[in-house]
Amino acid sequence: MFTGYLLQYLDEGTDMWMDIVPTTVPLIAGQGFALWNNQAPGGAQMANFMGTFNNGPVFPPVAFTTNGWNAVGNPYPSAIDWDAAAGWMKTGINNAIYVYRGDMNAYATYINSVSVNGQTNLIAPGQGFLVQANAAPTFSVDNPARVHANP
C-alpha cells in the first residue's frame, strides 16, 4: 500500500525514526507511523485502505526503556476519545497526546485536558500520535473509547 512513500516507525530505545523498506514488514494495529508522500504536489494523494476493520481491544506496542516516547495510532475507522471513561488502559502513560501537524510544522498537544495548536481529546480515524511512558506501561484501546465525531 505504501510503496513509493517513506514510511517510518519510532524506535523507543534510540528515540529515532527508522525506515521501513521491505514491503513484507507487517504493520501492527495501533502502532503509529510517520509517512512522507513525495508523489504528488503538496503531498496530497488518495489512498485506499482495504481489509477488515479493527473491532475490539487493540494493544499497540508501547515500551519504556530509555525515554518512553512511543508512536501509536488510532486503529479504528472512527474517532477515539482520549478522555473516555471506559475503553482505555493507560497504566504508566502520561496523560498527554502529541500529534504532528505538517501544516504548522509543529506538534499539537492535549496535555491534562489542555489543548495547544488545535489538538483536543478526539483523535481522528487512523491518526498517529505520540505518548510517553513514565514506567513499565500497559496500553490498550477498546470499543468504548470510540465516538461518532469529526475531530
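Take "buried" to mean under 20% relative accessible area and "exposed" to mean over 50%, with "partly exposed" in between. With that in hand, start at N117: its relative accessible area is 32%, so N117 is partly exposed. Keep in mind as you go that this is a predicted model.

N117 is a handy place to begin for another reason, its backbone. Its phi is near 60°, a positive value in a residue other than glycine. On the chain, N117 belongs to the loop between β9 and β10. S113 also has a positive phi without being a glycine, in this case near 70°. You'll find S113 in the loop between β8 (106–111) and β9 (114–116).

Now go back along the chain to the sheet built from β1, β2 and β3. In what order do the three strands of this open sheet come? The order is β2-β1-β3, and the pairing is antiparallel. That leaves β2 (16–19) and β3 (34–36) as the edge strands, each pairing on one side only. On average, neighbouring strands here are turned by 35° against each other, if you ignore direction.

Let's look at the two pairings in turn. Strand β1 (residues 6–11) runs antiparallel to β2, and four bridges join them. If you want to trace the register, D11 stands opposite M16 in β2, while Q8 faces D19 in that strand. The two strands make a hairpin with four residues between them, and D15 in the turn has a positive phi of about 60°. On the other side, β1 pairs with β3 over three bridges, again in the antiparallel sense. There, L6 has W36 in β3 as its bridge partner. For picturing side chains, it helps to recall that in a regular strand they alternate between the two faces of the sheet.

Next up are the aromatics. The structure holds six aromatic pairs. One of them joins W82 and W88, with 5.0 Å centre to centre and 65° between the planes, which makes it edge-to-face. Are these two tryptophans buried or exposed? W82 has a relative accessible area of just 1%, so W82 is buried. W88 comes in at 16%, and since the cut-off for buried is under 20%, W88 is buried too.

W82 has another ring partner in F129. Their ring centres are 6.3 Å apart and the planes sit at 85°, so this pair is edge-to-face as well. In sequence terms, the pair links distant parts of the chain: W82 is in the loop between β5 (79–81) and β6 (88–93), F129 is in strand β11 (residues 128–141), and 47 residues separate them. Both partners, W82 and F129, are buried. Put F139 alongside these three and you have one aromatic cluster, made of W82, W88, F129 and F139.

There's a charge to consider here too. Which lysine lies over the face of W82? That would be K90, at 3.7 Å from the ring centre of W82. The charged end of K90 also sits over the ring of W88, this time 5.0 Å from the centre. For a computational chemist, that puts K90 over the rings of both W82 and W88, the two partners of the edge-to-face pair described above.

Last stop: the surroundings of S78, a residue in the loop between β4 (69–73) and β5. Its relative accessibility is 12%, so S78 counts as buried. The side chain of S78 makes a polar contact with the side chain of R146, at 3.0 Å. Leaving out residues up to four places away in sequence, S78 touches P125, R146 and V147.

Follow that list to P125 and you land in the loop between β10 (122–123) and β11. P125 has 44% relative accessibility, so P125 counts as partly exposed. Neighbours within four places in sequence aside, P125 is in contact with N74, Y76, P77, S78 and A79. How does P125 sit relative to the sheet where we traced the register? Going by C-alpha atoms, P125 and M16 are separated by 25 Å, and they are 109 residues apart along the chain. M16, you'll remember, is the residue in β2 that stands opposite D11.

Terms used:
Residues numbered from 1 in each chain as written. Predicted model: local features only at pLDDT ≥ 70, side-chain atom pairs only at ≥ 80, totals over all residues. Heavy atoms only, no water. Phe/Tyr/Trp six-rings, centres within 6.5 Å; stacked < 30°, edge-to-face > 60°. Buried < 20%, exposed > 50% of the residue type's maximum accessible area, 1.4 Å probe, protein only. Lys NZ or Arg CZ within 6 Å of the ring centre and 35° of its normal. Pairing = 2+ DSSP bridges. Axes fitted to C-alpha atoms, helices over the stretch in contact; angles between N-to-C directions. Polar contact = N/O pair within 3.5 Å; in protein donor to acceptor, adjacent residues only side chain to side chain. Contact = heavy atoms within 4.5 Å.
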